[in-house]
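Here's a short tour of a model, with charged side chains as the main theme. Have a look at it first, then read on.

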Amino acid sequence: MAGKPKLYYFNGRGRMESIRWLLAAAGVEFEEELFETREEFEKLIQGGSLMYEQVPMVEIDGMNLVETRAILRYIAAKYDLYGRNLKEQAWIDMYVEGLKDLNDMIMLFPFSLPEEKKMSLDYILERATKRFFPVYEKALRDHGQDFLVGNRLSWADIQLLEVILMAEECKPSVLSGFPLLQEFKARVSHIPTINKFLQPGSQRKPPLDEESLETMKKTFNC
Amino acid sequence: MAGKPMLHYFNGRGRMESTRWLLAAAGVEFEEKLIESPEDLKKLVNEGSLMFQQVPMVEIDGMKLVQTRAILNYIATKYNLYGKDIKERALIDMYVEGVADLGEMILLLPVAPPGEKDAKLALIKEKTTNRYFPAFEKVLKSHGQDYLVGNKLSRADIHLVELIYYVEELDPSLIANFPLLKALKARVSSLPTVKKFLQPGSQRKPPLDQKTLEQGRKIFK
């Protein structure tokens, strides 16, 4: 009865990519409806399935879920990637929220004005290496385990890997001061479901290029 | 062994107010350590108490929780204000995140550049009456129950009612055409714990005045 989850977004990473990562890591097959034009987006709004007239939206288990965090939490809880108890959930939430801050900075970078770009990039890299990455390096060092929370794979690990890879796209050597994060990256990348998602031909989306950026701006009026 | 939760923030609403509301509504007594200078904040950072060198931070059950959503999720779960299963939780999250989106616009209004303030206020009013209030009114209308999810008080109701108070501070007329939201506000406001929190002398913080804004700016640069 329950078909595959269906993702509604434009053809790019944006705010949907973390959701694609989480489903893929959980080994969940999903479908996508990717719009190319403003008209297609407006048609979806007219259809009434977007609570706040915004995407991401995911049809899953009879619900039209919107709001990225609502979607991510549901998937994490459903596929046992949200810790085993309330305290583990709290640690996962803290780690994930910290990553989201960094993720948002990187995601919004293509939208910065040309004259702002160098400054934005420096700021992103400074935050990544001074505020965020040290936290995760320390977490792994303190408990010596393979995963961030509860000695097993969780949403926090998947989100961390996603952000590491995006940061490396900004600067390939960004992990140079973080040996445990480098090991973490290698280890988590080799988990079969994640490894599969990292292969060409998966539903993972590439970084925004000029053309996609223009399409997105037109579609979302931003 | 477990004392009262201890909230670390400056003396204003900011990103801590929704936590104060939630704890108060849950009937949980809490203490506050107010940050009054850049040095106070630096001390917390140097102690290693702030995972990302930021507040809000709440000491609770042996943890130093940071990140507003992590704090709220923990409290809501612990005090049974987060629905009975993951589907109810998903609905609650959808509603709460919508509240947070509008709440964020209102939160940031005082620090908007002067030339942009009017436009931002107009946008807030427009989004309130065309997007957010209709969405929540529709939810209440669809099931005709007293609360947003599962026919039971949840964090969604508490956060929404808190938001309604802020909207009314901006413009009391904005809620005029939303009878079910008005009813929700009245209902939640009259719950004993919430009623107490709404009285003068509670830990609820007033709207930002110029002095508090300046203090906040100095501390948070």
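Which side chain of opposite charge is nearest to B:Arg89, and how far away is it? The nearest one is B:Asp93, 5.0 Å away, with Lys and Arg counted as positive, Asp and Glu as negative, and His and the chain ends left out. B:Arg89 has no salt bridge, a salt bridge being a side-chain nitrogen of Lys or Arg within 4 Å of a carboxyl oxygen of Asp or Glu. B:Arg89 is also buried (buried is under 20% relative accessible area, exposed over 50%, partly exposed in between, with a 1.4 Å probe and protein chains only).

A word on ground rules: this is a predicted model, where local features need pLDDT of at least 70 and side-chain atom pairs count only at pLDDT 80 or more, while totals for chains, interfaces and linings use all residues. Residues are numbered from 1 along each chain as its sequence is written, chains are lettered from A and ligands numbered from 1 in the order in which they are written, and side-chain values use heavy atoms, without hydrogens and water.

Back to B:Arg89, which sits in helix α4 (residues 86–108) of chain B; helices are DSSP runs of H or I with at least four residues, strands are E runs of at least two, and both are numbered from the N terminus. Its side chain makes a polar contact of 3.4 Å with that of A:Gln89 (N or O atoms within 3.5 Å; within protein, one must be able to donate a hydrogen and the other to accept it, and residues adjacent in sequence count only if both atoms are side-chain atoms). Leaving out residues up to four places away in sequence, B:Arg89 touches A:Arg73, A:Ala77, A:Tyr82, A:Gln89 and B:Tyr82, where contact means heavy atoms within 4.5 Å.

Salt bridges do turn up elsewhere: the structure holds 36 over all chains. Here are some of them.

| Pair | Closest N to O |
|---|---|
| A:Glu42 and A:Arg38 | 3.0 Å |
| A:Arg84 and A:Glu88 | 3.6 Å |
| B:Arg69 and B:Glu97 | 2.8 Å |

B:Arg69 is in helix α3 (residues 68–78) of chain B and B:Glu97 in helix α4 of chain B, so this pair links parts 28 residues apart in sequence. B:Glu97 is buried, at 4% relative accessible area. In chain A, A:Glu42 and A:Arg38 are four residues apart in helix α2 (residues 38–46), about one helical turn. A:Glu42 is partly exposed at 32% relative accessibility, and A:Arg38 is partly exposed at 21%.
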